[in-house]
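New to this one? Here's a quick briefing to read with the model open beside you.

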Amino acid sequence: MLVVFGVIAVLLPWGASGLGHWLVVADPLEPARAIVVLSGRIPFRAMEAASIYRDGRAGEVWLTREVQSAEDLALDRLGLRVLRGEAFNHGVLERLGVPPGAIRLVSGDVQNTVDEVRLVAAELGRVGGDRVIIVTSKTHTRRVRAIWAAIVGGSPKAITRYAEEEPYHSGSWWRNTRDALIVSHEVL
């Protein structure tokens with residue numbers, strides 16, 4: 001019994017570390033119709049999109065807009081202005097050298113990643129183009145890639161990239177509460 005517990009004690013961190021690494025994927029960059037900043041993890045996703053834009057990989061950066069939360073709606077009713085995520089992302093992009101004319105808010109509110117993939121695919125079909133670069137969080141990349149494949153397939157193509165500067169420690173995610181919550185969410 002002691003040997004079994006010893007083996008578990010050794011293999012558990014190794015398996016957990018492997019899980020943290022497994023969640024993170026990235027496709028090679030190619031020229032694309034647009035760079036898409038998925039909602040969340042401000043400012044890191046927009047920072048990465050600005051970097052990719054400055055490298056000349058696409059001529060536009062698209063932002064998505066989340067449905068207002070119950071908290072935001074309540075604050076609005078109280079007369080307290082809530083600055084939404086897409087406004088912060090727009091500001092980050094401009095601050096990092098993306099011209100305002102190259103930043104576009106894709107019309108339609110989203111509640112989750114599936115909504116975002118559907119919205120982006122529809123917009124790409126509307127404006128034309130055979131690929132987009134989707135920027136998301138490190139732990140969210142595998143799920144984004146899987147959702148795109150399940151909903152859209154291989155054409156048009158989505159190039160999945162993560163926000164390089166986002167703090168996440170794939171080899172020791174369980175030591176940080178935020179990372180542990182994020183990994184748990186992605187696994188479930």
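**The cores**

Let's begin inside this predicted model. The largest nonpolar core has 19 residues, and the ones touching the most other members are Ile 35, Ala 49, Val 61, Leu 93, Val 98 and Ile 133.

- Five elements each give two or more residues to this core: strands S1 (34–37), S2 (61–66) and S4 (131–136), plus helices H2 (44–54) and H4 (85–95).
- H2 supplies the largest share of the core, with 5 residues.
- Apart from this core there's another, made of 17 residues, including Val 36, Ala 121, Val 144 and Ile 147.
- Want one residue to click on? Try Leu 93: leaving aside neighbours within four places in sequence, Leu 93 is in contact with Ala 46, Ala 49, Ala 50, Val 61, Leu 63, Val 98 and Ile 103.

**Strand S4 and its partners**

- All 6 of the 6 residues in S4 are buried, so this strand is largely enclosed by the rest of the structure.
- Arg 131, Ile 133 and Val 135 point one way from S4, while Val 132, Ile 134 and Thr 136 point the other way.
- S4 pairs with S1 in the parallel sense, over 4 bridges, and Val 36 stands opposite Ile 134 of S4.
- S4 also pairs with strand S5 (residues 157–162), again in the parallel sense, over 6 bridges; here Thr 136 has Tyr 162 as its bridge partner in S5.

**Helix H7, a helix with two faces**

- In H7 (residues 177–187), the buried residues are Asp 179, Ala 180, Ile 182, Val 183 and Glu 186.
- Those residues cover an arc of only 165° around the axis, which puts them on the same side of H7.
- An α-helix has 3.6 residues a turn, so residues three or four places apart point the same way.
- Thr 177, Leu 181 and His 185 are exposed, on the face of H7 turned away from its buried side.
- At the start of H7, a side-chain oxygen of Asn 176 comes to within 2.8 Å of the backbone nitrogen of Arg 178.

**The whole chain**

- The protein chain has 7 helices and 5 strands, which follow the pattern α-β-α-β-α-α-β-α-β-α-β-α along the sequence.
- Of the 188 residues in the chain, 40% are buried.
- Among contacts in the chain with a separation of 6 or more, 78% are between residues 24 or more positions apart.
- The C-alpha atoms fill a box of roughly 65 × 45 × 30 Å, taken along the principal axes.
- The accessible surface of the chain is about 10200 Å², and 58% of that belongs to carbon and sulfur atoms.

Definitions and conventions
Residues are numbered from 1 along each chain as its sequence is written. This is a predicted model: local features need pLDDT of at least 70, side-chain atom pairs count only at pLDDT 80 or more; totals for chains, interfaces and linings use all residues. Side-chain values use heavy atoms; hydrogens and water are left out. Buried means under 20% relative accessible area, exposed over 50%, partly exposed in between (1.4 Å probe, protein chains only). The arc is that of the directions from the helix axis to the C-beta atoms. A polar contact is a pair of N or O atoms within 3.5 Å; within protein, one must be able to donate a hydrogen and the other to accept it, and residues adjacent in sequence count only if both atoms are side-chain atoms. A nonpolar core is a set of buried Ala, Val, Leu, Ile, Met, Phe, Trp, Tyr and Cys residues joined through side-chain atoms within 4.5 Å. Contact means heavy atoms within 4.5 Å. Accessible areas come from the Shrake-Rupley method with a 1.4 Å probe; for residues, only the protein chains shown count as cover. Two strands pair if DSSP finds at least two bridges between them.
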